[in-house]
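Biologist: I am new to this structure and should be grateful for a guided discussion of it. May we begin once it is in view?

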Amino acid sequence: MDLKDNLFEIIKVNASQKEQDWIETKANGSLQSMQTAFVATPRFISKTPVNSDITLRGISFETWTLDRLVRAYFLVCLDNSDIEIYIKTLNTLFETAENNEAVALISSLALLENPESWLLRATDAVRTNIGVVFDAIAFDNPYAKTYFSELAWNQLVLKCIFNDKPIHKIQGLDERPNKELAISISNLAHERWAAGRTIPPQAWRLVTNFLDEIILEDIKKLFASTNDNDQLAAALVCKNSEFPLAKSELIKHIELDEKAKNLSWSALEV
Amino acid sequence: MCQKESEIKQNPSHFEGTAEELEMSKTIQANYMDYVKGMKFFDPHIHMTSRTTDDYTALVDAGVVAIIEPAFWLGQPRTGLASFKDYYSSLVGWERFRSSQFGIKHYCTIGLNSREANNEALAEEVMEILPLFLYKEGVVGVGEIGFDDQTAAEEKYYRQQLEMSKEAGLPVQVHTPHRDKKKGTELSMSIALEHAIDPGMVIIDHNNEETVESVLDKGFWAAFTIYPFTKMGNERMVELVKKYGPERIMINSAADWGISDPLAVPKTAALMKIRGISDEAIKMVCYQNAIDAFAQSGQINVADFETPQVIDQSLKFNGNTVLRGGQIPRVDKNSIFIS
């Protein structure tokens, strides 16, 4: 079965017969009627949460609603035999999208043809301040880890940290840590501390492989924090790090050393 | 006219009201909001893109739970299609999101306003992209459209957009002109009827004492804009509701980039309450009639704002900052500290 059929299988489990009939009449229509169907979907399709344990191209659909799934289906049904027209059609949808349409488009990026041509759309979704649109690129979406440059990837992760969003929901979080990101997190923490604010403790997981004498000073600060979660974060960084001085720092805090032995970062995933 | 005793004492010579008003002025509480506590309001015409977050906070505090933002002119003419596209997109995008951060349900009407209908080359292009926006979620009508100078071009695009409203099954929000209002209102209605549009699908906006009777007689909805200096004052509005009753009458603020008052609806409700209009009538004029008129679009689900914890399924996922716990971040305006 191809992608289109697989998607329709999930739709069949979740949609009423009436909804399926509407989808089928639209999916076989002209480009323009499909474009209109994409826009008008919520007029005919309910917003019930999708029930499915199938993963397609790295997308699990667990947090999707049915109207979003149907929109994704229409996108996959778009005729791509003339790639220029295909791209133009999608660009029109992007440029005129209201918020729920934007969410559907962004969370479907990995399902589209020519995934690389949507890079600017994806990084624009990182730039947005509209929460749901940002979340659509950040969470449960394989696009960023596959196609983002290191710079774009780091922006995504930093913006999540900056806005107190749950970084553990970023696909590929543990696959793309890097030195630049670790330094940026350290710098962000310094700014926050200077303002009497904090960063989410689990952000420190991303410095683990890049500990040096400078960042270790931050970790010492976390050990000295009055916040239990900051202390635990410090212990977890030191436990998982290869940096020799980290180990000697950890044994100075016997209780935390013990505590960290039985815990992983999931304890701080909020 | 002064309404508070304290002001009367300071400026006795300015008060020239009736004996009844003088009596009332002595009993009015300092805070008019006390009269409308617990009431919910729907402002079916307000241009939030021109307003600040302070206004959103004030709307929430005053009980405004949902609003309609009609597409209008930005104070100066747009020079290209892309400006229109971006503007329409912002009404269903950024502004909708901004409003949601305050727990206010934001709807809009989409249309080519009468002034810019006069740039025919551009108007043609706008007509082509309108259908893309009319079918979007939360678009509750075609608007605000109608006449300004009452030119041939205005008429041409008014007619075209009436046809689009029929095709899309959407109500129409009709702007009536500042100058030669009576004639413009009559013309707008007769053209709508000529296009076989059900008057129950048309909201004639910016009415006054001179236009209301004809609008109601013909079966249209009559909207009144409470706007300082140029449109209706709310004392006049109270008298109109007393005279015509609450059927098919609604009020709005049309607050925009001019000197206007986003709290026009709750303030007028308070004044109606003070002047003895029933709660039921106030509810119709300040809430229910607007919902009934625009819900004919099929795009208004009252549960979205009557029970605010039931938020849109697709918005319920993580990271939705502001609705969390029903708390709106507030700035203490009296504090010198900004933190």
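Biologist: What share of the contacts in chain B with a separation of 6 or more comes from residues 24 or more positions apart?

Modeller: This is a predicted model, in which local features need pLDDT of at least 70 and side-chain atom pairs count only at pLDDT 80 or more, while totals for chains, interfaces and linings use all residues. Residues are numbered from 1 along each chain as its sequence is written, and chains are lettered from A and ligands numbered from 1 in the order in which they are written. Two residues are in contact if their C-beta atoms, placed from the backbone, lie within 7 Å. Among the contacts in chain B with a separation of 6 or more, the share from residues 24 or more positions apart is 73%.

Biologist: How many helices and strands are there in chain B, and what percentage of its residues count as buried?

Modeller: Helices (H or I, at least four residues) and strands (E, at least two) are DSSP runs, numbered from the N terminus; chain B has 13 helices and eight strands. A residue is buried if 20 or more other C-beta atoms lie within 10 Å of its own, exposed if 12 or fewer, and partly exposed in between, with C-beta atoms placed from the backbone. Of the 339 residues of chain B, the buried part is 41%.

Biologist: Where does helix α12 of chain B bend?

Modeller: Helix α12 of chain B has 16 residues (279–294), which at 1.5 Å a residue should span 22 Å, and its end C-alpha atoms are indeed 22 Å apart. The expected span is 1.5 Å times one less than the number of residues. The buried residues of α12(B) include Ile282(B), Met284(B), Val285(B) and Phe294(B). The bend, defined as the angle between axes fitted to the seven residues ending at a residue and the seven starting there, is about 50° in α12(B), at Val285(B).

Biologist: Which residue of strand β4 of chain B follows a cis peptide bond?

Modeller: Most peptide bonds are trans. The bond that starts at Gly143(B) has omega near -15° and is cis. Strand β4 covers residues 139–146 of chain B, and the bond leads to Glu144(B).

Biologist: Why does Gln150(B) count as partly exposed, and what is its phi?

Modeller: Gln150(B) is placed in the loop between β4 and α7 (152–168) of chain B. Gln150(B) counts as partly exposed because it has 16 C-beta neighbours inside 10 Å. Most residues other than glycine have a negative phi. For Gln150(B), phi is positive, near 65°.

Biologist: What phi does Asp180(B) have?

Modeller: Asp180(B) belongs to the loop between β5 (172–175) and α8 (181–194) of chain B. With 13 other C-beta atoms within 10 Å, Asp180(B) is partly exposed. Its phi is positive, near 55°.

Biologist: How many residues does chain B bring to its contact with chain A?

Modeller: Chain A supplies 24 residues and chain B 21. On the side of chain B, α4 (81–92), α5 (94–100) and α6 (120–134) each supply at least two residues. The number for chain B is thus 21 residues.

Biologist: How far apart are the centres of domain 1 and domain 2 of chain A?

Modeller: Domain bounds come from an automatic or database domain assignment, which gives domain 1 (3–169) and domain 2 (179–268) in chain A. The contact between these domains takes nine residues from domain 1 of chain A and ten from domain 2 of chain A. Taken over C-alpha atoms, the centres are separated by 36 Å.
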